[in-house]
Amino acid sequence: MPWPPAVDLYSDTQTKPTAAMRRAMADAEVGDEQQRTDPTVNRLCDRVAEMLGHEAGLFLPTGTMCNLVAVAAHTSPGDAIVASVDSHIVRSETGGAAAYSGVITDLLGSDGGRFGPEAAAEALAPGNAYRPWPRLLCLEQTHNFGGGTVWPLAQYQAVAAVAHETSVPVHTDGARLFNATVASGTEAADWGGPVDSIWIDFTKGLGAPIGAVLVGGSDFIEAARVHKHRCGGAMRQAGIAAAGCLHALDHHIDRLADDHANAARLAEGISALGLGTEDVETNMVWIDVTSTGLRAAEFLERLAAHDVRMSRVEERVRAVTHLDVSAGDIETALRAVGAVLAELS
């Protein structure tokens with residue numbers, strides 16, 4: 001495949017900073033982030049904390065590090081955390097919670113990454129001499145491997161309330177939280193308010209090259225700051241990165257609706273070509289290629305020959321729309337899929 005591919009639907013992590021974002025980064029006022037004297041980082045953390053309805057925020061290089069330090073700040077070695085079986089914290093972080101915090105993970109079955117208060121209550125039953133105590137419930141919004149799905153707000157609130165009834169805090173992986181707010185017509189604080197900690201990632205739909213912000217109560221953030229430093233996340237003149245994140249908050253949230261529309265069009269076109277797709281709620285299209293007689297990897301190889309890139313999760317093909325994919329690119333991708341199918345006929 002020529003690089004970069006003509007249409008890159010591998011992930012919304014593939015975005016490049018826009019010219020305006022680069023200018024904002026170049027002009028950023030900076031200081032020493034580790035010593036809390038970088039004014040741009042401080043402004044970003046304060047703004048995200050306010051948007052999500054929490055007291056304080058912490059700037060970290062990646063979303064995975066947000067999960068890593070949040071679990072550590074909420075738990076002690078030997079505790080259990082509860083998460084859906086297909087959550088990012090389970091499937092895509094190389095056992096970080098276990099390796100760093102010494103916790104085990106109790107896995108919950110789910111419908112598109114979502115489960116109800118009854119299932120949460122059962123999973124959060126107190127521990128005993130044989131079973132570790134559950135000390136943290138982990139949610140994900142939107143849910144990546146669930147299909148880019150959005151929790152219904154009432155269900156999300158009910159699950160968080162059940163956890164709090166048993167004195168268990170709730171942590172939300174909000175990597176694509178703004179995809180959820182745009183798709184559901186809600187505010188970020190609607191999702192931040194019911195939980196004890198939550199973060200947003202700026203390197204996915206928001207199009208920044210680096211950075212995530214974890215928010216929570218002031219005491220929690222101070223505890224998280226220790227773990228951030230311990231695992232190498234403290235930075236110096238990080239305002240250069242934070243300025244890109246601030247630009248994204250100002251310019252790249254509302255336009256997520258375009259990504260959702262492009263994903264819906266892609267799913268419609270692929271279905272018309274005879275392939276199965278899952279329901280599209282945000283910017284992800286999950287495609288079933290078994291009817292072609294090809295394994296997912298083989299299908300992607302053939303697609304790459306037509307200069308279009310998607311990704312594979314086991315035997316599902318995933319296409320993710322984002323800032324650098326236009327409506328015209330979607331039509332190009334559909335023609336490429338059609339060409340692959342024609343080669344097989």
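Ser84 is a good place to start: with a relative accessibility of 2%, this residue counts as buried, because anything under 20% falls in that class. Ser84 sits in strand β3, which covers residues 80–84. Please keep in mind that you are looking at a predicted model. The protein contains 14 helices and 13 strands. Its radius of gyration is 20 Å, close to the 20 Å that the globule rule gives for 345 residues, so the protein is as compact as a globular protein of that length.

**Around Ser84**

- Which residues does Ser84 touch, not counting residues up to four places away in sequence? They are Val90, Leu108, Ser110, Gly113, Phe115 and His143.
- One of these partners, Phe115, is 31 residues from Ser84 along the chain, and the C-alpha atoms of the two are separated by 8.0 Å.

**The protein as a whole**

- Along the principal axes, the C-alpha atoms fill a box of roughly 60 × 55 × 35 Å.
- Of the 345 residues, 55% are buried.
- Among contacts with a separation of 6 or more, 75% are between residues 24 or more positions apart.
- About 13,900 Å² of the protein is exposed, and carbon and sulfur atoms supply 51% of that area.
- The side chains include 25 positive and 44 negative ones, and the centres of these two sets lie 6 Å apart.

**Strands β5 and β6**

- Strand β6 spans residues 170–174 and is mostly covered, with five of its five residues buried.
- In a regular strand, side chains alternate between the two faces of the sheet.
- In β6, Val170, Thr172 and Gly174 point one way, while His171 and Asp173 point the other way, and all are buried.
- Strand β5 (residues 134–140) pairs with β6 in the parallel sense, over four bridges.
- Within this pairing, Leu137 stands opposite Val170 in β6.

**Thr142 and its cis peptide bond**

- Where does Thr142 lie? Its place is the loop between β5 and α7 (153–165).
- The peptide bond joining Gln141 and Thr142 is cis, with an omega of about -10°.
- Thr142 counts as buried, at 2% relative accessibility.
- Leaving out residues up to four places away in sequence, Thr142 touches Gly148, Thr149, Val150, Arg176, Leu177, Asn179, Ala180 and Thr282.

**The open four-stranded sheet**

- What is the strand order in the open sheet of four strands? The order is β9-β10-β13-β12, and the pairing is antiparallel.
- The edges are formed by β9 (276–277) and β12 (311–313); each has a single partner strand, so one side of each is left without a neighbour in the sheet.
- The partner of β12 here is strand β13 (residues 316–320), and the two pair in the antiparallel sense over three bridges.
- Across this pairing, Ser311 stands opposite Arg318 in β13.

**Two loop residues with positive phi**

- Glu314 is found in the loop between β12 and β13.
- Although Glu314 is not a glycine, it has a positive phi of about 55°.
- Is Glu314 buried or exposed? At 56% relative accessibility, Glu314 counts as exposed.
- Ser167 lies in the loop between α7 and β6.
- Ser167 also has a positive phi, of about 65°, although it is not a glycine.
- With a relative accessible area of 66%, Ser167 is exposed.

**Asn42 in helix α2**

- Asn42 belongs to helix α2, which runs through residues 39–52.
- Why does Asn42 count as partly exposed? Its relative accessibility is 31%, so Asn42 falls between the cut-offs of under 20% for buried and over 50% for exposed.
- Setting aside neighbours within four places in sequence, Asn42 is in contact with Arg36 and Thr37.
- Asn42 and Arg230 are 188 residues apart in sequence and 20 Å apart in space, C-alpha to C-alpha.

Definitions and conventions:
Residues numbered from 1 in each chain as written. Predicted model: local features only at pLDDT ≥ 70, side-chain atom pairs only at ≥ 80, totals over all residues. Heavy atoms only, no water. Rg over C-alpha atoms; globule rule 2.2 N^0.38 Å. Buried < 20%, exposed > 50% of the residue type's maximum accessible area, 1.4 Å probe, protein only. Contact = heavy atoms within 4.5 Å. Areas by Shrake-Rupley, 256 points an atom, 1.4 Å probe, with all protein chains shown as cover. Lys, Arg positive; Asp, Glu negative; His and termini not counted. Charge placed at Lys NZ, Arg CZ, Asp CG, Glu CD. Pairing = 2+ DSSP bridges.
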